[in-house]
Amino acid sequence: YILDWAGVLGIGIIKRWSGKFENEDIDNFIEILKQSLIENGYATGINTEIGFLYKMKGNLDKAIEYYTKEIREMSKIDSVPGISIAKTINNLATVYKNKQDYEKSIDLYKFALNINQNYFEAYISFCWLAQNYELSLKCLARAYTIRPSNQYTEQLIQVISDLYEIDSEKVVDDLNEVLNEIDLSQPFEELKIEMPKFLFLD
């Protein structure tokens, strides 16, 4: 996740990658960004950055609050959600997954993939939530076609094997069959979904 805050870019990157990124730093960055919202009004992505910082702190409820704010603000600007909002939706899905609210997480991952059908991270995250062996394979296969050289394919083959209690060698064979026989360039019907209504309920 690239931290691209206009006001704290330099110090944020240095502290994060130097291994000296403390909770106090996170609190300071949150306050800087909140103050920016107060002084300058809404700017695209600020609520997403605040949400991410709260997620780093482990405050998942606050992360949900700010990711949801971003989605609502962006929905006012674009009546039809664009690719720019997919990252926030994917991040929110991950927070709900961490809270074990899988129903909301599934709907959000699906919606992110409706917006951006080439969203590698969303396919990877959704694989083990799909609740359907064939759909899990298709999502893994689609992720592989987007980014063939990735560190997740082998791990997720084992996850799918364990989840559906299917021998890993069969999973590999079935995955190769999907890659060779299914047109993965087309949207998956199983993933079609409208914007989840709970995003607009307080």
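## Two turns with positive phi

Where is Q100 found? Q100 lies in the loop that runs between helix 5 and helix 6, the latter spanning 102-115. This is a predicted model, so please read what follows as a description of a prediction. Although Q100 is not a glycine, its phi is positive, at about 65°. Its relative accessible area is 59%, so Q100 is exposed.

A second residue invites a similar look. E165 is not a glycine either, and has a positive phi of about 55°. E165 sits in the loop between helix 9 (153-164) and helix 10. Its relative accessibility is 72%, so E165 counts as exposed.

## The overall fold

Now for the wider view. The protein chain has 10 helices and 0 strands, and read from the N terminus its elements run α-α-α-α-α-α-α-α-α-α. There are 202 residues in the protein chain, and buried residues make up 44% of them.

Contacts across the sequence are worth a glance as you turn the model. Taking contacts between residues at least 6 apart in sequence, 60% join residues that are at least 24 apart. On the outside, the accessible surface of the protein chain is about 11100 Å², and carbon and sulfur atoms account for 48% of that.

## The nonpolar core

The largest nonpolar core contains 57 residues. Within this core, the residues with the most contacts are I89, L92, F126, C139, L140 and L191. L191 is a good one to select in your viewer: with neighbours within four places in sequence set aside, L191 is in contact with K110, L113, N114, Y123, F126, L135 and C139. Two of these partners, F126 and C139, are also on the list of residues with the most contacts inside the core.

## A cysteine pair without a bond

How many disulfides does the structure hold? The count is 0. C127 is in no disulfide, and the nearest cysteine sulfur, in C139, lies 5.5 Å away. Why do the two sulfurs not count as bonded? At 5.5 Å from the closest cysteine sulfur, in C127, the sulfur of C139 is too far away for a bond; a disulfide calls for cysteine sulfur atoms within 2.5 Å.

Are these cysteines buried or exposed? C127 has 0% relative accessibility, so C127 counts as buried. C139 also comes out at 0% relative accessibility and therefore counts as buried.

## A nonpolar patch on the surface

Next in sequence after C127 comes a tryptophan with another setting. W128 is placed in the loop between helix 7 (120-126) and helix 8 (133-146). Its relative accessibility is 32%, so W128 counts as partly exposed, given that the partly exposed class lies between 20% and 50%.

W128 also belongs to a nonpolar patch on the surface, together with Y102, V159 and L163. Taken together, the patch residues have about 320 Å² of accessible area.

## Three buried residues and their partners

A122 is part of helix 7. With a relative accessible area of 0%, A122 is buried. Apart from neighbours within four places in sequence, A122 is in contact with N90, Y109 and L113. For one of these partners, Y109, the separation from A122 is 13 residues in sequence and 6.0 Å in space, C-alpha to C-alpha. L113 turns up again among the contacts of L191.

T88 is in helix 5, which covers residues 86-98. T88 is buried because its relative accessible area is 3%, with under 20% being the limit for that class. Not counting residues up to four places away in sequence, T88 touches T48, Y67, E70 and I71.

L199 is in the segment that follows helix 10 (168-181). Its relative accessible area is 1%, so L199 is buried. Beyond the neighbours within four places in sequence, L199 is in contact with T68, I71, R72, L92 and L108. I71 is therefore a partner of L199, and I71 is also touched by T88. L199 and K69 are 130 residues apart in sequence, and their C-alpha atoms are 9.0 Å apart in space. L92, another contact of L199, is one of the residues with the most contacts inside the largest nonpolar core.

Terms used:
Residues numbered from 1 in each chain as written. Predicted model: local features only at pLDDT ≥ 70, side-chain atom pairs only at ≥ 80, totals over all residues. Heavy atoms only, no water. Patch = residues over 30% accessible without salt bridge, like charges linked within 9 Å, V, L, I, M, F, W, Y side chains within 5 Å. Areas by Shrake-Rupley, 256 points an atom, 1.4 Å probe, with all protein chains shown as cover. Salt bridge = Lys/Arg side-chain N within 4 Å of Asp/Glu carboxyl O. Helix = DSSP H or I, 4+ residues; strand = E, 2+ residues; numbered from the N terminus. Buried < 20%, exposed > 50% of the residue type's maximum accessible area, 1.4 Å probe, protein only. Core = buried A, V, L, I, M, F, W, Y, C linked by side-chain atoms within 4.5 Å. Contact = heavy atoms within 4.5 Å.
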